[in-house]
Each structure stands twice: as C-alpha cells, then as structure tokens.
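Trainee: Could you take me through one part of this model up close? I'd like to hear about the nonpolar core and what sits around it.

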Amino acid sequence: MTTRDLMLQLKAPIRISPPTSLEPQFHVRCVVCGHEILGRQYCAGCPSCGGMLDFSYPDELPTCVGSGPSMWRYRPRLPVAPGTGIVSLDEGGTPLLRAGSQTGFELFLKNETVNPTGSHKDRALSIGITKARECGFDTCMLYSDGSAALSSAAYAARAGMRNIALVPQGTSDNRLLPLMVYNSVVLEFAGAAADALDWVHETCQFLGIYETSTYRKANPYESEGPKTISYEIFENLGEAPDWVVVPVGGGGTLAGIWRGFRDLHKWELTRKIPRIVGVLPKGYRLLQLGLTQGAGTDEDLRKLADFHVPETAQVKIAMSWPPDGVEAIRAVRESNGQFLFGSDKEAWNAQRALGAREGIYAEVSAAVAMVGVEKLHKQGSIADGEKVVAIVSGSGFRETAELARHLPVKRITVDRKNGISKLRRLLKQ
C-alpha cells in the first residue's frame, strides 16, 4: 500500500513518536536572503534584511497526532516547538457540509462559524498566542475591531495574557462590548487603517509587545493557521476539490489555504491544486488590478491603489490596502483562479439564502462567498460533477446588531380568537 492510499482511507490518524528534542522540528528562513532563525528565537521578520519569513518542516510523511477534531492534530506541520503547552479553545475540525441545493456540481460548505469565537481567525490566534507563551510574552496587541480582535482577546484570556485592541475611532459599542467581556484594553486610533497597522507594528517592536495582527509580515506564525482548513477539506473529501471560494479582506486566509493545498500536492497526496477564487466587496478592485497588471511586490500594488473605495456593509473584508495582497494574487494566479465581487445587496441576499436553505447564520462578509459560487456557475466556469468548497468564514450571531438595520422583522399578531384561522391561512401559502 502506498502512502497516498493509506492517507486516502482516512481511518484512524497516523501517529508519530514524541520528538526526542525540545528544539523546534521546523525551520524558519527569510524568503529574501535565506537567513535562518535558530532555536526558539522569535522574529516577525528577518533580522538581517527585514524580509518575510517562511517555514519548512521535515520531509517525511505528513503525520497527525491524536484523534480529536481540533486543528492541533496537525501539530507536526505547525510552527510550535515540541513541549510547548498549546493554548486552545478546541478550534478547527469544523464541518464540511454538503449543500442541500445542488446544480450540476457538488457544493460543500466549510462551516467556520462554529469555531470558538465564531470565525476562522481562531486557527491563527491559537497558534499566535501559543507562540507568545512559548517565547515568554505577557501582553499582545493588534489593530482590529472585527474577528481578529475578538479571537485575540479570547485566546489571550485563555493564556492569562493582557490583550490590547486598537480599533478605528468611532467603532460602535456593539463591536467593543465582547472585548470588555474578555477584559481587553481598547484603544481608539484617529487615522487611516494603513497608518494604524503601521503604528501597531512599530509600537510592538519598540515596547516589546507581541503582535497578533493577522497578516504575514506582522506575525508569520499565525499565517500558518489557515492551511489547516485545506488539510481538513482534503481529509473530509478524500481528495482536493476543483474549486475553493474564499471571502477576501487582507488576503492572508486565501493565501494560507492555497499553501495548504500546495503542501498536499508536494507530499503527493493529491494530483491537483484547486482553483482558488477570492470574493471581495464591489469596488474593492485592487487585487484584481494587481492580478491583471502583474503586480509582484507591495510597491507594485501600491502604485495601483490610487482610487477610493466605497462604503460597504461587508466591513470584515473591506480593506482598501490588503497587507497580504501580493501573496493572494500569487495564489490566484498560480492556481488559475480569479477574483470576483459582490454588492451589498447580493451579500445580504446570500446571507438570507444560507440561513433559509442551509441552516447557517453567517455574517454578511462571509456569505459573500456564496455570491462568488453563483457567479462562477452563471459564467459557466464550473463543469458538471466538479467539487466546489465555499468557505463560510464567520458567524452572523456577532453581527446581529448590524443586521437589524437592514432586515425588517416580520410579525404576525394572533390571539385566542383569530390565531387558528390566521395560522391556517399561513400554512396554505
């Protein structure tokens, strides 16, 4: 039996013996100059040239540890040293649901809404906070008023660390109240989002604070989290799908999912890498411009960012400057994928359809993945029989206050006299 046959059976996970050394079983190298980071030293970027860091792991069979559903069953492929205590809320292992409505192709929904704080960001932050504790940090900080802020606060609380969330000035109390429950410190930033990201990065380096912003240059360790989504999809299906459709804000999740399938292809567990499709709010066209005009660096991309973006209800993915944009473009280009766009109206309709047809309450920024699937189908891109996975990245329960401004509540008043007659009329509709 070959290694591929063994893995495709998807029975009990393959176990490995505990490592004999407490030194990291992975390598950290700069993608620019090749400098290697040794031992348990923590660096967000290359200390020699400032370049972005990448990880490599032993070349033997990619193994799992344990039989539970948590993403930490892939620990041998995550950048955490042996012997490090994992900071976990049982993230990962999310359902891959076959959609009830099929149209010539097989549609699956990767339901990330069931993660501990309701989004895929828990994968990144579990790794990030585990790494922070491994390296002796007691305080973390990031710029976010969305999923990453909530996840960072939760995992920091779990680890006994202090969390500081920098948020845009004027952020609504509805977004900040959950952070209060996690005892997070909240700072408001008066200025543009790009400036806020830079300020957090510089401040963390200056004061020795651990940064949990979820883009690769800020925390390369966290960027390894999304690839576990790919591993789980592969295990559930027994093969790589033909398409993966991902809501895109900063680009890091899409890029991480692509790296995960690239790993599986390198290990000869799958013969194909799915075509990766990123879905963005209408008007957020920078990544599409970068794709069509061959942008290969941040500098190339910044030259194209000379336009204003509109206000949108898809706030979780409304990023005028996607910090992992170049890598997202590379993922789409190399997988022969594409970028698509969803209007707010289309995203709201998709949110309601997901709830009414599939029983999933997704936030509007996550439901836009279904807009992408529909557009792929209408343009004839998906062939009959192909497998398509839509990443439903975040729960709507965290955004109900926003939904109340767009969706009217329908009420039918009944009493003991007219209740049955009204209900009968309703049942006939």
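Mentor: Let's start at Leu 254. Leaving out residues up to four places away in sequence, Leu 254 touches Val 246, Val 248, Ile 276, Val 277, Gly 278, Ala 328, Ala 331 and Val 332. Keep in mind that you're looking at a predicted model. Leu 254 belongs to the largest nonpolar core, which has 38 residues, and is among those that touch the most other members, along with Ile 233, Val 244, Leu 301, Val 389 and Ile 391. As for who builds this core, at least two residues each come from the helices α6 (227-237), α7 (252-266), α8 (286-292), α9 (298-304) and α10 (325-334), and from the strands β10 (243-247), β11 (275-281) and β13 (387-392). There's also a second, separate core of 31 residues, with Leu 340, Ala 369, Met 370 and Val 392 among its members.

Now look at the loops on either side of α7. Gly 249 sits in the loop between β10 and α7. Its relative accessible area is 10%, so Gly 249 counts as buried. Beyond its neighbours within four places in sequence, Gly 249 is in contact with Ile 317, Met 319 and Pro 322. If you want a yardstick, go from Gly 249 to Ala 350: that's 101 residues along the sequence and 18 Å from C-alpha to C-alpha.

On the other side, the loop between α7 and β11 holds Pro 274. With a relative accessible area of 0%, Pro 274 is buried. Again setting aside neighbours within four places, Pro 274 contacts Ala 240, Pro 241, Asp 242, Trp 243, Val 244, Phe 261 and Ser 335. One of those partners, Val 244, we met already as a residue that touches the most other members of the largest core. Pro 274 and Pro 220 are 54 residues apart in sequence, and their C-alpha atoms are 24 Å apart.

Glu 268 is in the loop between α7 and β11 too. But Glu 268 is exposed, at 63% relative accessible area. Check its backbone as well: phi is positive, about 60°, although Glu 268 is not a glycine. Most residues other than glycine have a negative phi. Asn 183 is another non-glycine with a positive phi, near 60°. You'll find Asn 183 in the loop between α4 (173-181) and β8 (185-189), and at 66% relative accessibility it counts as exposed.

Back to Ala 350, which takes part in a helix pair. The axes of α11 (344-358) and α12 (364-378) come within 7 Å and cross at roughly 95°, so the two helices are roughly perpendicular to each other. On the α11 side the contact is made by Glu 346, Ala 347, Trp 348, Ala 350, Gln 351 and Leu 354; α12 brings Val 364, Ala 367, Val 368, Met 370, Val 371 and Lys 375. By type, these residues are nine nonpolar, one polar and two charged. Met 370 is also one of the residues in the second core. Arg 357 is in α11 as well, and at 64% relative accessibility it is exposed.

How far can you trust all this? The average pLDDT for the protein is 89, and 92% of the residues score at least 70. Residues 1-22 are another story, with pLDDT under 50 throughout. Where pLDDT is low, the predicted coordinates should not be read in detail.

Definitions and conventions: Residues numbered from 1 in each chain as written. Predicted model: local features only at pLDDT ≥ 70, side-chain atom pairs only at ≥ 80, totals over all residues. Heavy atoms only, no water. Axes fitted to C-alpha atoms, helices over the stretch in contact; angles between N-to-C directions. Helix = DSSP H or I, 4+ residues; strand = E, 2+ residues; numbered from the N terminus. Parallel < 35°, antiparallel > 145°, perpendicular 65-115°, else oblique. Contact = heavy atoms within 4.5 Å. Nonpolar A, V, L, I, M, F, W, Y, C, P; charged D, E, K, R; others polar. Core = buried A, V, L, I, M, F, W, Y, C linked by side-chain atoms within 4.5 Å. Buried < 20%, exposed > 50% of the residue type's maximum accessible area, 1.4 Å probe, protein only. pLDDT = per-residue confidence, 0-100.
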